[in-house]
Amino acid sequence: MTVLVTGATGFVGSQVVRQLVASGEDVAVIVRPGSLRRRLEGVIDRVQVLEADLADSAAIARLLEACKPDACIHAAWFAEPGKYLDSARNLDSLRSSFDFLERLANAGCLHLVGIGTCFEYQMQRTTLTEDSPVRPFTLYAAAKLAFYLVAAQRAAQLGMGLAWARLFYLYGPYEDERRVVPAAIKALSAGRAFAGTSGEQVRDYLHVEDVASGLCALSRHRLSGAFNVCSSEPVTIADLMRTLGELLGRPELIRLGALPNRERDPEYVCGDNHRLRTEAHWAPRYALRDGLAQTIEWWRKAA
């Protein structure tokens with residue numbers, strides 16, 4: 001069986017590739033020509049590399065006909081930190097994803113795992129389940145939800161299974177340095193103060209390796225429908241920052257309240273992962289403190 005991964009050079013996609021390779025799967029990846037592949041170091045020579053931009057429909061069709069994937073984990077989407085939430089490039093990702101679905105079906109692919117976001121849901125002060133109401137408040141989340149709603153119907157017509165993985169907050173090795181966990185680790189490791197907001201916001205953080213194992217489980221078990229991929233363990237940003245400070249031995253450098261809370265920043269975001277645990281037979285490997293310690297050690301070695 002061949003599993004195809006898009007977005008394979010990204011934070012999530014690269015971890016998916018690593019886990020598929022480790023489990024002995026035949027893996028093919030679609031990467032843009034000229035894209036950086038540092039996140040695939042050590043495994044790039046063990047996968048079939050297909051070079052194309054997803055927007056190039058004809059090239060994608062040719063590659064898929066040659067590859068004939070049995071399953072696909074579709075992690076490609078525009079997600080540049082600081083830009084992606086309201087970028088019109090989400091519409092480009094949406095259009096190319098719809099076309100990609102058709103091309104996959106034409107090539108005989110039987111199952112697709114798509115990646116969504118917790119922000120498809122209407123934010124609320126209680127735990128989010130897959131049955132919670134949806135009400136996205138960014139173009140990114142709206143485009144993700146639009147793809148799921150249409151793709152679920154179309155995949156059924158095409159005879160494909162479709163699992164939709166709604167990711168919550170992530171951290172771990174190879175994360176973009178502009179994001180909060182690596183930014184804090186790098187600042188404190190260098191002896192610099194790290195400015196944060198009040199830190200009262202509650203979040204649901206999951207190590208990227210556990211995220212990837214959830215996606216692989218959805219593919220392996222050929223599941224359909226929406227699944228929360230999360231820890232189900234609420235933590236305040238303040239506690240997250242204090243834990244990083246303690247692990248790095250520099251708690252005095254954490255400056256909570258130095259920055260104003262961001263507009264549209266919800267007070268509470270936590271998911272229920274019961275469906276993923278029971279139907280995909282999945283469980284996370286890392287508790288938060290252990291995962292942060294592993295991530296700190298990775299950044300030390302990568303420096």
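Which residues are linked with Glu80 in a network of salt bridges? The network joins Glu80, Lys83, Asp176 and Arg178. This is a predicted model. The count of salt bridges comes to 21. Three individual pairs, one helix crossing and two backbone outliers in sign of phi are set out below.

**Salt bridges between helices**

- Glu102 and Arg154 meet through their side chains in a salt bridge, at 2.6 Å from N to O.
- Glu102 sits in helix α3 (residues 89-106) and Arg154 in helix α4 (residues 139-158), so the pair links distant parts of the chain, 52 residues apart.
- Glu102 has 26% relative accessibility and therefore counts as partly exposed.
- Arg154 is also partly exposed, because its relative accessibility is 28%.
- A further salt bridge pairs Arg289 with Glu246, with 3.3 Å from N to O.
- Arg289 belongs to helix α9 and Glu246 to helix α7 (residues 237-248), so this bridge ties together parts that lie 43 residues apart in sequence.
- Arg289 counts as partly exposed because its relative accessibility is 43%.
- Glu246 has a relative accessible area of 47%, so it too is partly exposed.

**Lys68: backbone and side chain**

- Lys68 is placed in the loop between α2 (57-67) and β4 (71-74).
- Its phi is near 50°, a positive value in a residue other than glycine.
- The side chain of Lys68 forms a salt bridge with that of Glu65, at 3.0 Å from N to O.
- Is Lys68 buried or partly exposed? Its relative accessibility is 40%, so Lys68 counts as partly exposed.
- Glu65, at 39% relative accessibility, is likewise partly exposed.

**Arg264: a positive phi in another loop**

- Arg264 lies in the loop between β12 (254-255) and α8 (274-279).
- Phi of Arg264 is near 70°, again positive in a residue other than glycine.
- Arg264 counts as partly exposed because its relative accessibility is 45%.

**Packing of α5 against α9**

- Two packed helices are described by the angle between their axes and the distance between the axes.
- How do the axes of α5 and α9 cross, and within what distance do they come? The axes of helix α5 (residues 180-189) and helix α9 (residues 288-302) come within 11 Å and cross at roughly 60°.
- That angle makes α5 oblique to α9.
- The crossing of α5 past α9 is right-handed.
- On the α5 side, the contact is made by Val181, Pro182, Ile185 and Lys186.
- On the α9 side, Leu292, Thr295, Ile296 and Trp299 make the contact.
- By class, the residues of this contact are six nonpolar, one polar and one charged.
- Helix α9 also carries Arg289, the partner of Glu246 in helix α7.

Note on methods:
Residues numbered from 1 in each chain as written. Predicted model: local features only at pLDDT ≥ 70, side-chain atom pairs only at ≥ 80, totals over all residues. Heavy atoms only, no water. Helix = DSSP H or I, 4+ residues; strand = E, 2+ residues; numbered from the N terminus. Buried < 20%, exposed > 50% of the residue type's maximum accessible area, 1.4 Å probe, protein only. Axes fitted to C-alpha atoms, helices over the stretch in contact; angles between N-to-C directions. Parallel < 35°, antiparallel > 145°, perpendicular 65-115°, else oblique. Left-handed = near helix turned anticlockwise from the far one by under 90°. Contact = heavy atoms within 4.5 Å. Nonpolar A, V, L, I, M, F, W, Y, C, P; charged D, E, K, R; others polar. Salt bridge = Lys/Arg side-chain N within 4 Å of Asp/Glu carboxyl O.
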